[in-house]
Each structure stands twice: as structure tokens, then as C-alpha cells.
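Open your viewer, load the model and keep the selection box handy. We'll walk from one stop to the next, and each stop says what to select and what you'll find there.

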Amino acid sequence: MKKPIRALLFTIACVATGMLLSSSEPVYYGQYTPVFMARTVMENAIKIEAAQPLRATGKIYIYGQYILVNEKYKGIHVIDNSDPATPENMAFLHIDGCIDMAMKNNVLYADNAIDLIALKTTDNFSSVQVTERIKNIFPETESPDRYWSSYYVNQFRPKGAILVAWKKKS
Amino acid sequence: MKKILLIVSIVTFGSCLVFAQEKEILGSRMGIGFVPQYAISGGMRFDIDRSISKISNQWLIISPQVFMVTGGRYGHEFEELTGLGLDIKHKIYLKPNSMKPIGFYAQYGIMFQHFSIIENRQYTESYFENGIEYYEVVEGEVNTKLNKYGGNFHLGYQWLVGDKVYFDIYTGAGIRISHNSQIEGLDTWYNNYWVDYGYSGTLLDAGFRVGFYF
């Protein structure tokens with residue numbers, strides 16, 4: 001008779017300890033917050049825009065007379081370097097979630113968040129056209145300070161949305 | 001025919017009396033109790049015990065609950081949490097030749113809890129930049145309604161002190177399903193731990209009750 005009661009008391013003690021231990025401190029999410037987009041909006045947002053100032057830049061790629069400079073998570077600055085003494089910031093290629101690019105035969109390859117896209121460009125970057133899209137080929141980027149696990153990202157993700165950027169908290 | 005019916009009735013009634021006299025019984029059919037561990041979650045639970053009949057080893061336990069929390073709990077920082085809940089259980093005492101609520105028992109039941117939560121926390125909000133819609137995570141006051149329902153199965157042991165006061169310990173398993181008014185599907189925000197307000201899944205349940213019969 002005493003053994004089952006002891007077992008019962010032991011189980012209750014374990015459960016009560018678990019309850020008390022789980023009353024922990026609030027979770028800290030770090031300095032960055034995720035930015036999401038609906039897939040259709042992300043796919044249709046690729047376009048050539050007027051030149052923009054360089055702010056949070058990433059990789060640099062040289063293609064002929066052009067210097068392509070990545071603006072992290074936003075797109076690519078197109079700089080005409082035909083006169084190296086006075087390079088001209090001539091256009092901005094808007095690609096959400098872009099952090100890398102390469103170019104060959106007037107085809108620009110870039111990441112559009114989790115997709116790889118190929119864009120046919122005109123010689124002077126006056127227009128671009130997405131010719132190929134391979135969906136879901138890249139993993140979503142991690143937060144720069146690595147505080148956000150995919151579990152917490154998913155808690156905030158609107159249904160079907162894609163993580164395209166990490167924004168530093170103001 | 002009437003004679004036969006009369007004899008059968010007398011025999012049945014008589015045997016019931018004999019049966020009743022053989023069992024130890026508790027005069028009280030009502031009890032009221034308190035479950036202290038609910039204080040960990042900022043709640044209070046009272047148990048109203050009612051025997052199914054005058055002579056029965058089966059009881060119905062109705063457990064209304066109220067919750068009120070401000071401050072930190074289970075990884076959340078509440079401005080205010082208020083809640084109401086109700087458990088209904090069917091409890092069967094297993095002691096042979098006894099109709100007293102004493103000794104080992106098994107119980108099963110269903111539960112429902114509703115929480116209203118005001119919390120300064122992060123949430124997702126849409127915004128437009130150059131005509132393109134984005135969603136960002138911002139911080140602000142969020143009012144969330146949570147509904148949690150589920151069921152339990154427990155095994156326990158109850159002591160009686162002088163046929164009036166009872167001490168009861170129990171453990172068992174349960175299942176919870178929680179929905180949050182802010183998101184579709186199951187709640188994920190208030191689901192940090194198995195004791196969290198919006199937990200969904202199976203759990204190991206245990207507790208202690210104290211109360212009295214009247």
C-alpha cells in the first residue's frame with residue numbers, strides 16, 4: 001500500500017518541480033526583427049528603379065564597365081564605371097531578399113530570398129526580365145545576431161509569407 | 001401476478017438494504033476543496049464534489065477556476081492576464097466494500113479555460129514601402145483571447161480525516177488544444193511550456209487537493 005503512494009508522491013514532486021522551473025525569464029529576441037513578404041508580391045516586385053544612395057552594402061561584382069553592389073536584402077546598385085575617375089550610380093535593381101549575385105552574357109543571377117532567379121538585362125540596364133526562377137532553393141537567412149530560431153520566426157510569419165530581410169531595431 | 005411483483009420488489013429492496021449495510025458509507029454527499037498548485041499559474045481552483053447517489057463510490061467533481069496575473073510568467077511579461085476555467089470529472093473510488101471517498105481512485109474528465117491577455121510584446125504588422133507590402137515584427141500592446149480545452153485521466157489516493165476533511169493526491173495524463181485569436185490554427189505564442197496558458201499537446205498532470213465534506 002505504501003509503495004504506490006510513494007510513487008504517486010514522487011511523480012507529483014517531479015511535475016511540481018517542472019512547473020516551478022518553467023516560470024523563467026522572458027525571451028530576448030536580439031537586435032534584429034524579421035521582414036516578410038507574400039510570395040506573389042515578392043515575385044512581382046522585381047524592377048529597375050532610379051539610383052539610390054548606398055546604405056547597407058554587401059558584395060561587389062564587376063561586369064564589363066559596370067560595378068554591381070549589393071544592398072543587403074534590398075537589391076543591386078548598378079554603377080557605371082566607364083570613367084573610373086567619376087563612377088556614376090545609374091540605377092537600382094529592386095530584388096527583395098537579395099544578398100548575392102553573379103552575371104554572364106547579360107544574364108544576372110541573384111537570390112530573391114529563398115529563390116534563385118535569372119534576369120535578362122539590356123546592355124545599359126534600362127530594363128530587366130525574369131527568365132528563370134528556381135523556387136525554394138536557398139534556406140532562409142538567419143538573424144545577423146542569431147537570436148531568432150526558426151521556431152520563433154514562424155510564430156510571427158503571416159501565412160505563406162517568406163522571410164526577405166532582417167531589420168535592425170531602432 | 002401482483003403477488004409475484006410484490007415479492008420481487010420486497011426481495012430487491014431488502015437485498016439493497018443488506019448490501020448497503022455491508023458497505024462503509026459517508027453521510028455527506030457534498031464536498032468543497034481547494035487545489036493549491038494553481039497558484040503557480042496565478043489561478044485559484046475550487047472543487048465541488050458531489051456523490052452520484054446516496055450510496056455510491058462514484059462522484060462528480062466540478063472545478064471552477066479563476067486566473068489573474070500581472071508580471072512575468074512562463075517567459076511572458078503580462079500587463080494583465082485574466083481567465084476562467086471549468087473542469088468536470090467522474091471519479092470512481094476503488095476500495096472494495098466501501099462507499100466512502102477514501103483510498104485509491106481513478107478519474108477522467110474534460111476541461112475548458114478561457115484567457116484574456118494584454119501583453120506588451122512583439123507582433124507582426126504590415127506596412128508599405130514604394131507601394132510594396134511588407135510585414136515586420138514590431139513591439140506594442142496586444143490583446144489576445146485564448147481558448148484551451150482538453151481531457152484528463154488520473155489515478156490518485158485520498159485520505160479522510162474524521163470523515164470530514166480530505167487530502168487528495170493524483171497524477172495522470174492529459175491532452176490540451178489551444179487556439180489564439182491572433183493567429184490561425186493552434187496557438188504557438190503562449191505555448192512555451194506544457195504548463196503555459198496556450199499549450200497544445202499531451203502532458204503529465206499531477207496535483208494535490210485539500211477540502212472537506214458537509
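Which residue does A:Ile79 stand opposite in E6(A)? Select the two together and you'll see that the partner is A:Asn89.

Before moving on, a word on the ground rules. This is a predicted model, in which local features need pLDDT of at least 70 and side-chain atom pairs count only at pLDDT 80 or more, while totals for chains, interfaces and linings use all residues. Residues are numbered from 1 along each chain as its sequence is written, and chains are lettered from A and ligands numbered from 1 in the order in which they are written. Helices (H or I, at least four residues) and strands (E, at least two) are DSSP runs, numbered from the N terminus. Two strands pair if DSSP finds at least two bridges between them.

**Stop 1: the five-stranded sheet of chain A**

Stay with that first pair and widen the selection to E5(A) and E6(A), which run antiparallel and are joined by six bridges. They belong to an open sheet of five strands, in the order E2-E6-E5-E4-E3 of chain A, with antiparallel pairing. For the edges, select strand E2 (47–49) and strand E3 (57–63) of chain A, each of which pairs on one side only. From one strand to the next, the twist averages 25 degrees (axes are lines fitted to C-alpha atoms, for helices over the stretch in contact, and angles run from 0 to 180 degrees between N-to-C directions). While you're looking at strands, a handy rule: in a regular strand the side chains alternate between the two faces of the sheet.

**Stop 2: the four-stranded sheet of chain A**

Next, pick out E7-E8-E9-E10 of chain A, an open sheet of four strands listed here in sheet order, again with antiparallel pairing. Its edge strands are E7 (101–104) and E10 of chain A, each pairing on one side only. Start with E7(A) and strand E8 (residues 107–112) of chain A, which pair over four bridges in the antiparallel sense. Click A:Met103 and look across to E8(A), where its bridge partner is A:Leu108.

Now slide over to strand E9 (residues 115–121) and strand E10 (residues 128–134) of chain A, an antiparallel pair with six bridges. Here A:Leu119 stands opposite A:Val130 in E10(A).

**Stop 3: the hairpin loop**

Follow E9(A) into the hairpin it makes with E10(A): six residues lie between the strands, and A:Phe125 takes a positive phi near 60 degrees. Then select A:Ser126, in the loop between E9 and E10 of chain A. Is A:Ser126 buried or exposed? It counts as exposed because it has 10 C-beta neighbours inside 10 Å. (With C-beta atoms placed from the backbone, a residue is buried if 20 or more other C-beta atoms lie within 10 Å of its own, exposed if 12 or fewer, and partly exposed in between.) Add A:Glu49 to the selection: A:Ser126 and A:Glu49 are 77 residues apart in sequence and 9.3 Å apart in space, C-alpha to C-alpha.

**Stop 4: the nonpolar cores**

A nonpolar core is a set of buried Ala, Val, Leu, Ile, Met, Phe, Trp, Tyr and Cys residues joined through C-beta atoms within 7 Å. Select A:Phe36, A:Ile76, A:Ala110, A:Ile162 and A:Val164, which touch the most other members of the largest core, a set of 31 residues. Among the elements that each supply at least two residues are E8 and E9 of chain A, together with strand E8 (132–161) of chain B. E11(A) gives the most, with five residues.

Zoom in on A:Ala110, whose contacts (C-beta atoms, placed from the backbone, within 7 Å) include A:Ile76, A:Cys98, A:Ile117 and A:Leu119, not counting residues up to four places away in sequence. Apart from the largest core lies another, of ten residues, among them B:Phe78, B:Leu81, B:Ile117 and B:Tyr197.

**Stop 5: chain B and confidence**

Colour chain B by pLDDT, the predictor's confidence in each residue, from 0 to 100. The chain has one helix and ten strands, and its mean pLDDT is 87, with 89% of its residues at 70 or more. Among its elements, strand E5 (residues 76–93) has the highest mean, 95, and helix H1 (residues 2–22) the lowest, 49. Finish on residues 11–21 of chain B, where pLDDT stays under 50 and the model has one contact beyond four places in sequence. For the model as a whole, the scores are ipTM 0.83 and pTM 0.68.

Notes. Contact = placed C-beta atoms within 7 Å.
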